[in-house]
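Let's take a walk through this one, from the inside out. Have the sequence and the coordinates open as you read.

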Amino acid sequence: MSTFEFLWQGILVAMQPMNLVYALVGVTLGTAVGVLPGIGPALTVALLLPATYKLDPGGSLIMFAGIYYGGMYGGSTTSILLNTPGESASIVTALEGNKMARAGRGGPALATAAIGSFVAGLIATLGLAFIAPYIVKLALVFGPREYFALMVLAFVTVSSAFGDSALRGLTSLFIGFALAMVGIDQQTGQARLSFGIPDLLDGIEVTTLAVAMFAIGETLYIAAQGNRGEDKVEAVKGSLWMNAQDWARSWKAWLRGTLIGFPIGAMPAGGAEIGTFLSYATEKRLAKNPEEFGHGAIEGVAGPEAANNASAAGTLVPLLTLGLPTTATAAIMLAGFQQYGLQPGPLLFATNPQLVWGLIASLLIANAMLLVLNLPMIGLWVKLLTIPKPWLYAGILLFATLGTIGANPSVFELGMLLAFGLLGYVMRLFGYPIAPTVVGLILGPLAEQQLRRALAISQGDVTTLVMSPIAAGLLIVAAAAFLIPLILRLRGRGQVLAQLAANED
């Protein structure tokens, strides 16, 4: 069957009444959490994992994807009106968007962000539909050696992509590896690191770890910050719609942002933040009036917001085709797949095409829903900013606890929820990223399994791991992804020290 036929079947699945309800719930929740500062789509999906444990897998995954897209939309509202990005990918939007809001042009800023997000989401989702089958065909020739090399590349890039330090990212990743070792060995059947506790024989629940580190850890971290001054919300003045000049300045930025954001999001070391900064720099370079940047240039909102949403669709390319998450939300969505006994990758396209193509098609529908939700209902989203933070985070704690009890009614599980929540708080306190720990717990057993299979086939000969051209190429890319940023960082530090020494002389 052709991609068009698969996509049409997916649209029929996504148009089923219950799936439309799941999509609407997802985009509404996603927009709400995108608007609220400090509560992103990763935290929301993590909270919903235990609550959706017994629901339909296809509908739940459609809802998770809707939350992801909605979070990208909603982050622009906070950036423009509050100058506080709800998501890290919305940082660039705040540079020009808040200046526009202060100048009484908050309406056009919000409009170009919403329409740009729709255009980018539509084009990028179609790109996902047509590119994914080719990556699946390539991945089907992978053996244990190639899969292990791919996992190594994923581990290195995930460690480098999250946080400011590759070393801290690797430390977080190895914490996840250690937790993944707990339980019964899948090949020998022997218990590992269970310390005689029966509850640990089945291993650490990914759902419990994700909820604890993203929800409990974030809540404790926010509570520890104490009361800070109230943020001023800029009122939306004048018309919400863009004039002819705004349209003329925005449409090219939307297309350029899409072309920049989608491939960067699809790369294993991608991420929406990179695409938004590149888009902003591109728009500033190509602008007829570059002096407007920094004072409220509409291109500085249109381009980065398009890149932001295009990268969200791009992120789903490695997640669905190879099972590799490149963002925190993608890592939690991977946990959602595994919650239902599904492993994203090339075999999922062959064994469960209805679910995969229904999920991809639902993104097109969710994108249209988001445009309808964002423009007419902007007043409602702004009111969410007035919710007191103590109420908000108390509700998160309550929901996280009840969700965990509902999925696994065990006192020991609640104890692990608290312990991992404290671990997440400590890691945030010292600047260690959270997502690599979850990725290590999810992908660690898969990497171990592929490595042991490869060594069993080669009768223990380690050199055969690099005899495959594909595996060797992936390992070289992984080494470069780790060493090049390290070398650049050391060189930059050396230049700073040399400059300081010269100043002292």
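## Inside the core

A good place to start is Ile332. Setting aside residues up to four places away in sequence, Ile332 touches Ala42, Val45, Ala46, Leu49, Ala210, Phe214 and Val438. Keep in mind while looking at these contacts that this is a predicted model.

Which residues touch the most other members of the largest nonpolar core? They are Ile332 and Phe214, in a core that counts 111 residues. Helix α15, residues 353-374, puts in the largest share of this core, with twelve residues. There is also a second core, separate from that one, with 18 residues; Leu81, Ala111, Val119 and Met242 are among them.

## Aromatic pairs

Next, the rings. The structure has four aromatic pairs. One of them is Phe174 with Phe177, an edge-to-face pair with 5.2 Å centre to centre and 90 degrees between the planes. Both of these Phe residues sit in helix α8, which covers residues 166-180, and they are three residues apart, or about one turn of the helix. Is Phe174 buried or exposed? With a relative accessible area of 52%, Phe174 is exposed, because the cut-off for that word is over 50%.

Phe349 and Trp357 make another edge-to-face pair, this time at 6.3 Å centre to centre and with 85 degrees between the planes. Here both partners, Phe349 and Trp357, are buried. Add Phe6 to Phe349 and Trp357 and you have one aromatic cluster.

## A salt-bridge network

Now for the charged side chains. Six salt bridges turn up in the structure, and several of them are worth following one by one. Asp185 is a handy place to begin: its side chain meets that of Arg192 in a salt bridge, 3.8 Å from N to O. Asp185 is buried at 8% relative accessible area, and Arg192, at 19% relative accessibility, also counts as buried.

Asp185 has another partner, Arg452, with a salt bridge of 3.2 Å, N to O. Why does this pair tie together parts that are 267 residues apart in sequence? Because Asp185 lies in the loop between β1 (183-184) and β2 (191-192), while Arg452 is in helix α19. Arg452 itself counts as partly exposed, at 25% relative accessibility.

Arg192 has a further bridge too, with Glu448, where the closest N and O atoms are 2.8 Å apart. That pair also links distant parts of the chain, with Glu448 in helix α19 and Arg192 in strand β2, 256 residues apart. Glu448 is partly exposed at 23% relative accessibility. What do you get from salt bridges that share partners? One network that joins Asp185, Arg192, Glu448 and Arg452.

## Elsewhere on helix α19

Stay on helix α19 for a moment. The helix spans residues 435-457 and also holds Gln450. Is Gln450 buried or exposed? Gln450 counts as buried, at 14% relative accessibility, because the cut-off for buried is under 20%. Apart from neighbours within four places in sequence, Gln450 is in contact with Pro144, Tyr147 and Phe148.

## A nonpolar patch on the surface

Finally, step outside. Phe4, Leu122, Ile123, Leu126, Phe130, Trp251 and Leu255 make a nonpolar surface patch of about 620 Å². Which helices each supply at least two residues of the nonpolar patch? They are α6 (106-139) and α10 (244-266). Of the contributors, α6 gives the most, with four residues.

Leu126 is one of the patch residues, and it is found in helix α6. With a relative accessible area of 34%, Leu126 is partly exposed. That is enough for Leu126 to qualify for the patch, because patch residues need over 30% relative accessible area.

How values were computed. Residues are numbered from 1 along each chain as its sequence is written. This is a predicted model: local features need pLDDT of at least 70, side-chain atom pairs count only at pLDDT 80 or more; totals for chains, interfaces and linings use all residues. Side-chain values use heavy atoms; hydrogens and water are left out. Patches are made of residues with over 30% relative accessible area and no salt bridge: like charges are joined within 9 Å, nonpolar side chains (Val, Leu, Ile, Met, Phe, Trp, Tyr) within 5 Å. Accessible areas come from the Shrake-Rupley method with a 1.4 Å probe; for residues, only the protein chains shown count as cover. A salt bridge is a side-chain nitrogen of Lys or Arg within 4 Å of a carboxyl oxygen of Asp or Glu. Buried means under 20% relative accessible area, exposed over 50%, partly exposed in between (1.4 Å probe, protein chains only). A nonpolar core is a set of buried Ala, Val, Leu, Ile, Met, Phe, Trp, Tyr and Cys residues joined through side-chain atoms within 4.5 Å. Contact means heavy atoms within 4.5 Å. Rings of Phe, Tyr and Trp (its six-membered ring) pair if their centres lie within 6.5 Å; planes under 30 degrees apart count as stacked, over 60 as edge-to-face and the rest as tilted.
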